[in-house]
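Here is my note on the model you asked me to look over. Please keep the sequence and the 3D view open as you read.

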Amino acid sequence: MPTRLPARFLRVTSLGLASLLLPTDAFDTSAHQVMGRRVAGSSFAQGLAASLKPGEEFSVFTGNREGMPALQALLQPVLQPGVQVKLQADLDPALIATSGCLHLPDPGLHHWCWLRAEGASHRFSLTGVTHTLCSHQVMQGLEQLVTAPLEPWDALVCTSRSALQVVQQAMTCMHERLERRFQQTLPPPQAPQLPLIPLGIDPEPFHWGTRFANRQEQRLHARQQLALSSSARVVLFLG
């Protein structure tokens, strides 16, 4: 059952945006280690929520009720007046079908095909996104894209050209292994789509709020904000 949340978190009846699967592990850096995929997950959810207009439905599945307060705290500050969001613990294929799409915070499309097992696969699309691809588990999941019951209207968003190449090569290797296993030429997999869409950011949190005459003036302002002297050596690590 959907949770009862105050004010702007009540369910709306009109349709609009896709449903999201967003467990705390995919966005909550206060309870989990700060990682790129979690920062990207929270930014994506906030950006989508902030773009809502009155009458549009936005369903988010957390996987358990314990994750709802953190998700509410993430989304509520960016919602416009009159906008409402539905939070739900358990995945509901019927509710997902009304939105037409379930977006996943990872590339594991193969794992969620069971949601369409009891109905026609055209009820809704599955979409996911790549993050770190070097783990054994993720690579196994990419290989299973070849044999999973995916459709041409499913998609795995690749956030860089390198990620796209890794996904394609993993699928190609699995396809070649299957051909050797069955000793025949097999048709290439028809799904999922692999759009190349780099990760975006909301620049507003990084806006200084002040116009500077030159870069040196901006650097001095930054030193003052960080309580650093003008002669201190500063090393920036970005990763």
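The numbered points below go from the basis of the model to its strands, helices, cores and rings.

1. This is a predicted model, in which local features need pLDDT of at least 70 and side-chain atom pairs count only at pLDDT 80 or more, while totals for chains, interfaces and linings use all residues. Residues are numbered from 1 along each chain as its sequence is written, and side-chain values use heavy atoms, with hydrogens and water left out.

2. A good place to begin is strand E5, residues 125–129, where strands (E, at least two residues) and helices (H or I, at least four) are DSSP runs numbered from the N terminus. Of its 5 residues, 5 are buried, and buried means under 20% relative accessible area, with exposed over 50% and partly exposed in between (1.4 Å probe, protein chains only). In a regular strand the side chains alternate between the two faces of the sheet. In E5, Ser125, Thr127 and Val129 point one way, whereas Leu126 and Gly128 point the other way.

3. Which strands pair with E5? Strand E4 (residues 101–103) pairs with E5 in the parallel sense over 3 bridges, and strand E6 (residues 155–157) also runs parallel to E5, joined by 3 bridges; two strands pair if DSSP finds at least two bridges between them. Cys101 has Ser125 as its bridge partner in E5, and Val129 stands opposite Val157 in E6. From E5 the chain crosses through H4 to E6 in a right-handed β-α-β crossover, a term for a path that runs clockwise from the first strand over the helix to the second when the strands point away from the viewer.

4. Helix H4 has Val138, Gly141, Leu142 and Glu143 as its buried residues, and these pack against E6 and H5. Is Glu143 buried or exposed? With a relative accessible area of 19%, Glu143 is buried, and beyond residues up to four places away in sequence Glu143 touches Ala170, Met174 and Arg177, where contact means heavy atoms within 4.5 Å.

5. The largest nonpolar core (a set of buried Ala, Val, Leu, Ile, Met, Phe, Trp, Tyr and Cys residues joined through side-chain atoms within 4.5 Å) has 29 residues, and those touching the most other members include Leu102, Leu126 and Leu142. The elements that give two or more residues to this core are helix H3 (93–99), helix H4 (136–144) and helix H5 (161–182), and H5 gives the most, with 7 residues. Apart from this core lies another, of 17 residues, among them Leu22, Phe58, Leu74 and Val83.

6. Leu20, found in strand E1 (residues 19–21), counts as buried at 2% relative accessibility. Leaving aside residues up to four places away in sequence, Leu20 touches several residues, including Phe44, Phe58, Leu102 and His103.

7. Finally, there is 1 aromatic pair, by the rule that rings of Phe, Tyr and Trp (its six-membered ring) pair if their centres lie within 6.5 Å, with planes under 30 degrees apart counted as stacked, over 60 as edge-to-face and the rest as tilted. The rings of Trp112 and Trp114 have centres 6.3 Å apart and planes at 40°, so the pair is tilted. Trp112 is buried, with a relative accessible area of 16%, whereas Trp114 is partly exposed, at 48%.
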